[in-house]
Amino acid sequence: MSSDPAGLDPAALDPAAAAGEPVEPEQRRSDVVVVGGGVAGLVAALECAKIGLSVTVVERQEEPGGCVGRIELEGLSLDSGAESFATRNGSVAELLEALGLADDIVTPNRAGAWLVWGAGLRAAPLPKTGVLGIPANPLGDDVRAIIGWGGAIRAYADRLMPILRIGRADSVGKLVRSRMGAAVLERLVTPISSGVYSADPMDLDLDLVAPGLNAAMTRAGSLSGGVGELVETRRAGSAVLGLRGGMHRLVDALRGELARFGAVVETGREVVELQRVESPDDEAASWRVRALGSERDLVIDARYAILAAPAQTSRRLLGQAVEGWADASDWPSAASVEIVTLVLDAPALDAAPRGTGVLVAADAVGVQAKALTHSSAKWSWLAEAAKASGGSGSRHVVRLSYGRAGAANPLEGLDDEAVARLAVADASALLGVELDAQALVASGRTAWRDALSHAALGQRARVAEFEDALTAEPGIEATGSWVAGTGLASVVPHAIEAAARIRHLAVQERQ
């Protein structure tokens with residue numbers, strides 16, 4: 001089978017094939033083949049390579065890293081995707097330490113973000129004592145500034161509802177609406193769920209996005225009380241950290257270690273086929289991967305396989321390789337998300353007028369972006385680098401995110417120039433300062449068309465079905481954000497665990 005749902009035509013990539021000449025693929029053997037070169041794939045590959053297994057990583061894009069990418073603008077190396085990591089469980093910090101990057105871990109500016117809403121683009125700082133936008137103190141000044149007295153009083157009614165009416169909640173949105181009302185849901189919770197998870201809060205699984213909140217609110221007797229309990233446990237230290245020079249340095253470090261251990265990273269190759277085959281040199285089964293190439297295809301026979309590609313690709317490949325596995329029909333559609341990065345010469349931004357960024361409520365009129373990060377206000381190392389890069393001394397880096405769940409991406413069909421104009425206009429409106437075309441120094445855009453949240457309701461069951469199919473097939477594992485959860489703090493330990501199972505099999509077979 002060599003069909004490709006992405007529409008890639010092998011003949012179009014291969015001149016000899018286009019001319020009707022048969023071209024033999026390049027053949028290669030490897031102990032482990034990893035499909036997908038995002039952070040999950042690179043981490044899993046390194047774990048395998050460290051014990052002496054030969055490893056080949058196959059990545060569709062020209063550069064590995066997935067959502068931890070780099071964009072070069074005006075002499076600045078900037079993050080095109082994730083620019084921070086959650087500190088929970090300590091896994092990312094441990095990885096950075098192992099890669100020699102511990103001294104470069106940095107804390108963001110604690111100024112916090114703002115929220116913009118309504119027809120007049122009203123703006124106020126986001127409440128600091130909350131979880132997913134759910135306030136611990138519904139009557140607080142910072143909460144009332146956004147939802148008003150009416151919304152705050154309705155939210156405070158949560159404190160008066162009997163504990164027996166709480167039960168165990170599944171949907172974030174349903175819980176918030178029933179306990180605190182529409183104002184909290186629409187103004188505070190929806191912008192965060194859209195900005196962080198690219199999902200409607202009605203579709204978010206509470207236990208996945210706010211672990212421990214169900215139990216905490218039962219102990220406290222209210223949702224706001226449970227949020228307050230979680231906030232207290234998280235007060236020590238920063239919830240997120242970054243890396244001086246950008247999180248993309250993690251990818252560089254992983255590639256360096258992979259090279260040191262002899263692993264091969266093949267980029268610019270689309271994997272179109274995965275088969276279970278009999279090894280020619282023993283009775284054990286192995287895996288065969290076929291990847292398209294610009295000159296000729298690459299066929300890799302491997303003893304073990306790790307699927308670290310996005311959901312659509314991983315599920316398709318599993319369907320090819322595992323007889324009798326039927327793909328579920330109720331998987332949600334992936335969101336289309338795009339990040340636009342702007343380098344601006346704008347003295348009006350020197351004072352960081354909206355803190356480290358802005359989240360946008362769905363009812364905001366006149367802007368298309370769903371969120372903005374004032375990156376050079378958030379990270380001191382970037383502010384220094386931007387200032388040193390030239391210009392007026394008031395150079396800033398701003399990132400805008402586009403694409404809400406269930407809606408068409410507003411950047412679809414726009415060329416780069418039109419996207420830059422729209423992003424500058426949105427940045428001006430969201431930051432509350434006058435920015436014109438003269439302020440724009442450079443811009444870039446990065447798109448993800450297959451962003452699928454692990455935190456959607458029912459997703460755990462769908463993933464469990466997928467993982468059950470893998471369990472029945474020794475020697476193949478799956479990892480990545482769509483099975484592990486959103487963020488590096490979820491992805492890294494999951495990739496390590498997947499690789500550990502492969503390592504265990506390998507060690508057993510060596511004995």
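This section describes the salt bridges, the cysteines and a nonpolar surface patch of a predicted model.

A search of the whole structure finds 28 salt bridges. Side chains of opposite charge can pair when their charged atoms come close. Three pairs and one network are described here.

In the pair formed by Lys50 and Glu47, the side chains meet with an N to O distance of 3.0 Å. Lys50 has a relative accessible area of 41% and is therefore classed as partly exposed. Glu47, in contrast, is buried, with a relative accessible area of 14%.

A salt bridge also joins the side chains of Arg179 and Asp158, at 2.7 Å from N to O. Arg179 belongs to helix H6 and Asp158 to the loop between H5 and H6, so this pair ties together parts of the chain that are 21 residues apart in sequence. Both Arg179 and Asp158 are buried.

Asp205 and Arg460 form a further salt bridge, in which the closest N and O atoms are 2.9 Å apart. This pair links distant parts of the chain, 255 residues apart: Asp205 is located in the loop between helix H7 (182-197) and helix H8 (206-209), whereas Arg460 is located in helix H16 (residues 459-471). Asp205 counts as buried because its relative accessibility is 5%, under the 20% limit for that class. Arg460 is partly exposed, with a relative accessible area of 40%.

Beyond these pairs, a network of salt bridges links Glu26, Arg28, Glu266 and Arg269.

With respect to cysteine pairing, the count of disulfides comes to zero when a pair of cysteine sulfur atoms is required to lie within 2.5 Å. Cys48 is buried, its relative accessible area being 0%. Cys67 has a relative accessible area of 45% and is partly exposed.

On the surface, a nonpolar patch is formed by Leu139, Trp149, Ile153, Tyr156 and Leu160. Together, these residues present about 530 Å² of accessible area. Leu160, one of the members of the patch, is situated in the loop between helix H5 (141-156) and helix H6 (172-180). The relative accessibility of Leu160 is 66%, and the residue therefore counts as exposed, a class that begins over 50%. The loop between H5 and H6 thus contains Leu160 as well as Asp158, the partner of Arg179 in helix H6. Of these two loop residues, Leu160 is exposed, whereas Asp158 is buried.

Methods
Residues are numbered from 1 along each chain as its sequence is written. This is a predicted model: local features need pLDDT of at least 70, side-chain atom pairs count only at pLDDT 80 or more; totals for chains, interfaces and linings use all residues. Side-chain values use heavy atoms; hydrogens and water are left out. Patches are made of residues with over 30% relative accessible area and no salt bridge: like charges are joined within 9 Å, nonpolar side chains (Val, Leu, Ile, Met, Phe, Trp, Tyr) within 5 Å. Accessible areas come from the Shrake-Rupley method with a 1.4 Å probe; for residues, only the protein chains shown count as cover. A salt bridge is a side-chain nitrogen of Lys or Arg within 4 Å of a carboxyl oxygen of Asp or Glu. Helices (H or I, at least four residues) and strands (E, at least two) are DSSP runs, numbered from the N terminus. Buried means under 20% relative accessible area, exposed over 50%, partly exposed in between (1.4 Å probe, protein chains only).
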